[in-house]
Amino acid sequence: MTKKKAIFLTGATGYLGSYVADVMLRETDVELLLLTRARDRQQAVERFWQAMQMHMDAATYYSFLDRVRFMPGDLTAPGLGLSAEDRAFVVKNADSVLHMAASLNRKSEKTCLNHNLRGTLAVIKLSREIQDDHGLRRFSHVSTVAVAGQRDSETLREDDAIEWDRSDYDPYGRTKKFCEHMVRELLPEVPKTFLRPSIVMGDSRFAETSQFDMVRAFCVLVDLPILPFSGESRVDIVNADWVGRAISEIHLKDAPKYDIYHLSSGAASHRIHEIARALVASGKRRPPRFVPALEGSFEKVMDQLAGMKAKNAATLVGSLFKVFLPYITYDTVFLNDRAVEEIGLAPTPFIQYAARLYDYAKSVNYEYPVLPLPSRESVAKTPAPNVSRGVASA
Ligand SMILES: NC(=O)c1ccc[n+]([C@@H]2O[C@H](COP(=O)([O-])OP(=O)(O)OC[C@H]3O[C@@H](n4cnc5c(N)ncnc54)[C@H](OP(=O)(O)O)[C@@H]3O)[C@@H](O)[C@H]2O)c1
């Protein structure tokens, strides 16, 4: 690899990571050093393809691989599980660190402790080595608006979100909040950026998604004739293509204006009845009845379902609502002026693509149909077009 910007990136095989990698590979000449949970390079190439196929064809994918160095490892393993050779390479060559990998398991204290807290600490330790070797241009930490904890009918700015006396909804929010704290405390002299997405759901350019938890909860609500909460609640949902672009562009800036950014819909967030109206207009549902008085009973039923041992569609839905209901009904939005100003682009309103997302999720039964990676030889004859799927279909 040459001495271009090299980014040590975690979480590239994930939903949001694939958007970031897509923008960086397609629109810049940076090199990516990817911490990847895989046995070896070959398996890492296949794992990364599983995430990237939503964005590109196999020929394009292969054409980018000379700018990707896969580093088999794991956030929870000693020293990130990196080989001595890979670790030395990162320490010598990485110009910045973009830490996206995390567990989004909102129920397990243990998983969040291991992946989010221990994992982030291990990434910070590696970053310190880079800093001591040649200086780190930037450490960007992909966090979440969930660090704001339990809220009720609020409109929040970035600097007002973290309050240590406030309770959190779940171990995910709690550990992500402490991750931000660790990064600040342990990398004091390194330029840092904290990027906090809100509820990321779907792509404004095409129907596909590979992340379904929140989407499934959304589809269940679309199908309910009675909605057990107020239609006046605002829900901060944001499109993944905008979030991925914001993370990439802000991380790559020499001097972003702020250190914390909400990657959210902010003041433009819809009220639930606006989303319902858009779905009625597109023929996906009949007008719902909003009955806020049922919220408590709905929550109880969902909690009971979530607590049952059986694994079936009902208990799955119960588990989803147990963790997501607060984020749907807390009527709290996260102002995004900083990110919109920084990248010169606003998110796409959810109502513009909600119906298409609903159709897609149902058509694949909430499972992305992953295709295996064809051999390099079999795609060699196809020229790599380097056209984003989103742009192509726009
Ligand atoms: N999606 C949202 O709505 C949302 C909202 C707010 C904030 N965020 C934040 O955005 C970031 C990315 O989330 P996402 O939605 O893309 O999640 P995701 O699809 O679940 O991806 C998580 C990524 O982290 C990696 N990872 C998890 N545990 C790991 C470990 N022990 N070692 C190495 N890698 C590990 C996963 O690797 P594998 O592929 O091997 O599993 C995957 O690449 C997270 O920090 C999350 O907190 C997401």
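A polar contact is taken here as a pair of N or O atoms within 3.5 Å. In the predicted model, this criterion is met between the ligand and the side chain of His-115, where an N or O atom lies 3.0 Å from a nitrogen atom of the ligand. A nitrogen atom of the ligand is likewise found 2.8 Å from a polar side-chain atom of Asp-74, while the side chain of Arg-47 places an N or O atom 2.5 Å from an oxygen atom of the ligand. The ligand, which taken alone exposes 900 Å², has 88% of that area buried by the protein.

The shell around the ligand comprises 24 residues, of which Thr-13, Arg-47, Met-100, Tyr-172 and Lys-176 come nearest. Arg-47 thus appears both in this nearest group and in a polar contact with a ligand oxygen. Sorted by class, the shell contains 11 nonpolar, nine polar and four charged residues. Among the elements that contribute to the shell are helix H1 (15–27) and helix H6 (171–186), each of which supplies at least two residues.

Apart from the ligand shell, the cavities of the protein were examined. Two cavities of 30 Å³ or more are counted, and the largest cavity has a volume of about 210 Å³. This largest cavity is lined by 16 residues, and those closest to its centre are Phe-218, Leu-221, Ile-272, Ile-275 and Ile-328. The lining divides into 15 nonpolar residues and one charged residue, with no polar residue present. Helix H7 (213–223) and helix H9 (272–281) each provide at least two residues of this lining.

Helix H7 also serves to locate Ser-204, which is found in the loop between strand S8 (199–200) and H7. The side chain of Ser-204 takes part in a polar contact of 2.5 Å with the side chain of Asp-241, and in another polar contact, of 3.4 Å, with the side chain of Thr-348.

At the level of the whole chain, the protein contains 15 helices and 15 strands. The radius of gyration of the protein chain is 21 Å, close to the 21 Å given by the globule rule for 394 residues, and the chain is therefore as compact as a globular protein of that length. Taken along the principal axes, the box filled by the C-alpha atoms of the protein chain is roughly 60 × 55 × 45 Å.

Definitions and conventions
Residues are numbered from 1 along each chain as its sequence is written. This is a predicted model: local features need pLDDT of at least 70, side-chain atom pairs count only at pLDDT 80 or more; totals for chains, interfaces and linings use all residues. Side-chain values use heavy atoms; hydrogens and water are left out. A residue is near a molecule or strand if one of its heavy atoms lies within 4 Å of it. A polar contact is a pair of N or O atoms within 3.5 Å; within protein, one must be able to donate a hydrogen and the other to accept it, and residues adjacent in sequence count only if both atoms are side-chain atoms. Accessible areas come from the Shrake-Rupley method with a 1.4 Å probe; for residues, only the protein chains shown count as cover. Helices (H or I, at least four residues) and strands (E, at least two) are DSSP runs, numbered from the N terminus. Ala, Val, Leu, Ile, Met, Phe, Trp, Tyr, Cys and Pro count as nonpolar, Asp, Glu, Lys and Arg as charged, and the others, Gly among them, as polar. On a 1 Å grid over the protein atoms alone, a cavity is a set of points where a 1.4 Å probe fits but cannot get out, and a pocket is an open set with protein on both sides within 12 Å along at least five of seven lines; lining residues have an atom within 4 Å of a point. Grid points are joined across faces, edges and corners, and a volume is the space filled by probe spheres set on the points. The radius of gyration is taken over C-alpha atoms; the globule rule is 2.2 Å times the number of residues to the power 0.38.
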